[in-house]
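Please work through the exercises below with the structure open beside you, and try each task before you read its solution.

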Protein chains: 2
Amino acid sequence: MPRPARYHHGDLRDTLLREAAILLREHGVQGLSLRRLAERAGVSRTAPYHHFTDKNALLCALAEQGFLRLDRLIDGMSLDPADPEPGLRQFVRDYLRFAAEDPERYELMFGRTLWKAGRPDPALTRVAHDCFRRYVEAVRPERLGSLGQGADPLRVAQASWATLHGLCRLLLDGIYLRREDMEAVSDQAVTLMLAGLRRD
Amino acid sequence: MPRPARYHHGDLRDTLLREAAILLREHGVQGLSLRRLAERAGVSRTAPYHHFTDKNALLCALAEQGFLRLDRLIDGMSLDPADPEPGLRQFVRDYLRFAAEDPERYELMFGRTLWKAGRPDPALTRVAHDCFRRYVEAVRPERLGSLGQGADPLRVAQASWATLHGLCRLLLDGIYLRREDMEAVSDQAVTLMLAGLRRD
DNA sequence: GTGCTATTTTGACGCCGTCAAGATTAGTTC
DNA sequence: GAACTAATCTTGACGGCGTCAAAATAGCAC
């Protein structure tokens, strides 16, 4: 917390993002109010509006950060075409951990709050689509070796990602899937994906 | 809209549920305010509190309705053990249509609003778990014929339902999956599930 | 210094969920 | 019928929210 005596904060935008991330993680979107946020940053209620046009814009920025992190995770995926299974299994585990570490952020990234109820920034839209494109490349049939022969890359990506995403949601929203079952179900999911490829 | 002259409404609870369902569908949880709702029912702002202890309770009731409908859908699933694929394919289509017909309701049923941020009613919890138990029974390995040999019923249900759920979320939240791709991806998902069983 | 612009503040508006106190009606018991 | 009780509904109020407008303050170029 920097000195509160100054009229100009000097680093408000970054401070807001940092504190907003904390509020989001600990209290969810509902608990993340611009007024609380301003107070935590030691600044008046309307000061944030000079750095984010409105709450929607702030949320977009937070979601954007999330996608950038997810990018790194996807880039880190390494599949051995001769035996892609261990690499895939690792990635699924990483992905689930990523989502479980900050569920509210994950919800923000993919949920209706921004994509339906809100107005996703052009920047956010771009980053999100980029992220998916990256994923499509990462699980390209060629990289899956003999398994991927002749499969449609886009379909493979969509179906596998849907499985992954579904697992996360079930887990995070705490319905139909307990934390203890995670490992087993995640393994089952990998088996599912690979088997699906074998059949195509 | 019944006569507004009477002091007692007479059918307020049902009216509230009906109007709330409309507000939910058209404006989402965000747009469903108790005050707007009361106004639409032709009643004062606090009248609803005599029928629902708070907004959370009202939302729980709405979600509950959704699960009852989903129950009927699951009960309607018919799988031929000799060839379960067409039945499964039909169910997946039905499920996606169910979710797509009222996305905000689906979000309410499975999302964080109630299960994490809110306090799910005991009644809701019961209905939701009942619904899943029904699903577990519906896709029991025996019903899948030779495919299901030796598979763990719970895992099969969790993994297949996660896939289904993931598809819905991707579709409804409008990210990474377009309406036109629905059919193709849904078919791919069925292939995935069946193939997964063949491998177990 | 003067002026320009970015930043921050206070004040206000309308919306929200919800509580408290009182008014009105329905239902039960005599 | 009357009296009482419980259910239902109303008005009024409180604090919190997002956001706009106008005024104050500070940094910066000249």
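The exercises that follow concern a predicted model, and each is a task followed by a worked solution.

**Exercise 1. The symmetry of the two chains**

Task: Find out how chain B can be laid on chain A, and which residue of chain B comes closest to the rotation axis.

Solution: Begin with the superposition, in which a turn of 180 degrees, with a shift of 0.0 Å along the axis, lays chain B on chain A with an RMSD of 0.0 Å. The two copies are therefore related as by a two-fold rotation axis. Next, look for the residue of chain B that comes closest to this axis, which is B:G166, with its C-alpha at 1.7 Å. Finally, compare the contact residues of the two copies: 100% of those of chain B recur in chain A, and the same surface serves both copies.

**Exercise 2. The contact between the chains**

Task: Describe the contact between chain A and chain B, and decide which helix of chain B supplies the largest share of its side.

Solution: Start with the totals, since the contact takes 40 residues from chain A and 40 residues from chain B. On the side of chain B, at least two residues each are supplied by α1, α5, α6, α7, α8 and α9. The largest share of that side, 13 residues, comes from α8(B), a helix that covers residues 153-173. Sorted by class, the side of chain B that touches chain A has 20 nonpolar, eleven polar and nine charged residues.

**Exercise 3. Two domains in one chain**

Task: State where the domains of chain A lie, and describe how domain 1 touches domain 2.

Solution: First note the division of chain A into domain 1, residues 1-52, and domain 2, residues 54-199. Their centres, taken over C-alpha atoms, are separated by 30 Å. Then turn to the contact, where nine residues of domain 1 of chain A meet twelve residues of domain 2 of chain A. On the side of domain 1, α1(A) gives the largest share, seven residues, and the classes on that side are seven nonpolar, one polar and one charged.

**Exercise 4. A pair of helices**

Task: Determine how the axes of α1 and α5 of chain A cross, and which residues meet.

Solution: The axes of α1(A), residues 12-31, and α5(A), residues 103-110, come within 7 Å and cross at roughly 50 degrees. This angle makes α1(A) oblique to α5(A). Moving to the residues, A:L24, A:R25, A:G28 and A:V29 in α1(A) meet A:E104, A:R105 and A:L108 in α5(A). The residues of this contact comprise three nonpolar, one polar and three charged.

Key. Residues numbered from 1 in each chain as written. Chains lettered and ligands numbered in written order. Predicted model: local features only at pLDDT ≥ 70, side-chain atom pairs only at ≥ 80, totals over all residues. Least-squares fit on C-alpha atoms with pLDDT ≥ 70 in both. Contact = placed C-beta atoms within 7 Å. Axes fitted to C-alpha atoms, helices over the stretch in contact; angles between N-to-C directions. Helix = DSSP H or I, 4+ residues; strand = E, 2+ residues; numbered from the N terminus. Parallel < 35°, antiparallel > 145°, perpendicular 65-115°, else oblique. Nonpolar A, V, L, I, M, F, W, Y, C, P; charged D, E, K, R; others polar. Domains from an automatic or database assignment.
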